[in-house]
Amino acid sequence: MDPKILVPVDGSTTSQKTISKIIEQKDRFPKKISLLHVVDVQLAYRMIPEFQLEMVKDNARKAGKVLLDKQAELFHAAGFETELLLELGSPRHEIPRVANEQDFQLLVIGRHAGTGEIRDVLFGSVANYVLHNVKCPVLLF
């Protein structure tokens with residue numbers, strides 16, 4: 001049985017490089033991969049009137065679905081099958097939650113260019129937080 005692999009995607013350059021690396025090494029991965037996109041709109045919620053909040057969430061979900069579909073096309077073209085997961089919340093909290101609750105055996109995530117150890121210690125990074133809060137092994141690009 002193939003391991004369950006989770007790949008968080010966000011449309012960034014780092015995310016695109018991670019996808020490219022997985023596709024380049026597709027013989028090392030199972031043919032089914034789960035893609036997760038977390039729509040982070042929590043800061044914006046504070047500035048939106050309550051009566052418009054659901055409309056904003058619906059639009060954020062639609063935009064997230066479009067992004068996931070676009071990323072999935074890259075995997076499909078390379079012969080992968082994908083499961084698409086969409087969450088609203090903080091990526092640093094939602095990625096580990098999904099990975100742990102759904103018993104993924106590997107998480108593949110990229111680290112944004114330009115970040116370094118000192119910055120990660122002072123401010124943290126999503127990849128660093130995820131690395132220390134998931135039960136499964138993490139492949140960090």
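**Close-up 1. Glu 87, a partly exposed partner for Arg 97.** In this predicted model, Glu 87 has a relative accessible area of 24%, so it counts as partly exposed. Its partner here is Arg 97: the two form a salt bridge, with the closest N and O atoms 3.0 Å apart. The pair ties together distant parts of the chain, since Glu 87 sits in strand S3 (residues 81-88) and Arg 97 in helix H4 (residues 91-101), 10 residues apart. Arg 97 is partly exposed too, at 28%.

**Close-up 2. Arg 97 meets Glu 94 within helix H4.** The side chains of Arg 97 and Glu 94 also come together in a salt bridge, this one at 2.7 Å from N to O. These two are three residues apart in helix H4, which means about one helical turn lies between them. What about Glu 94: is it buried or exposed? Glu 94 is buried, with a relative accessible area of 14%. Now step back a little: through salt bridges that share partners, Glu 87, Glu 94, Arg 97 and Glu 101 are joined into one network.

**Close-up 3. Lys 65 and Asp 69 pair up in helix H3.** Over in helix H3 (residues 53-77), Asp 69 and Lys 65 are four residues apart, so about one helical turn separates them. Their side chains meet in a salt bridge, 2.7 Å from N to O. Both ends get some exposure: Asp 69 is partly exposed at 29% relative accessibility, and Lys 65 is partly exposed with 41%. Altogether, the model's count comes to six salt bridges, and the Lys 65 and Asp 69 pair is one of these salt bridges.

Definitions and conventions:
Residues are numbered from 1 along each chain as its sequence is written. This is a predicted model: local features need pLDDT of at least 70, side-chain atom pairs count only at pLDDT 80 or more; totals for chains, interfaces and linings use all residues. Side-chain values use heavy atoms; hydrogens and water are left out. A salt bridge is a side-chain nitrogen of Lys or Arg within 4 Å of a carboxyl oxygen of Asp or Glu. Buried means under 20% relative accessible area, exposed over 50%, partly exposed in between (1.4 Å probe, protein chains only).
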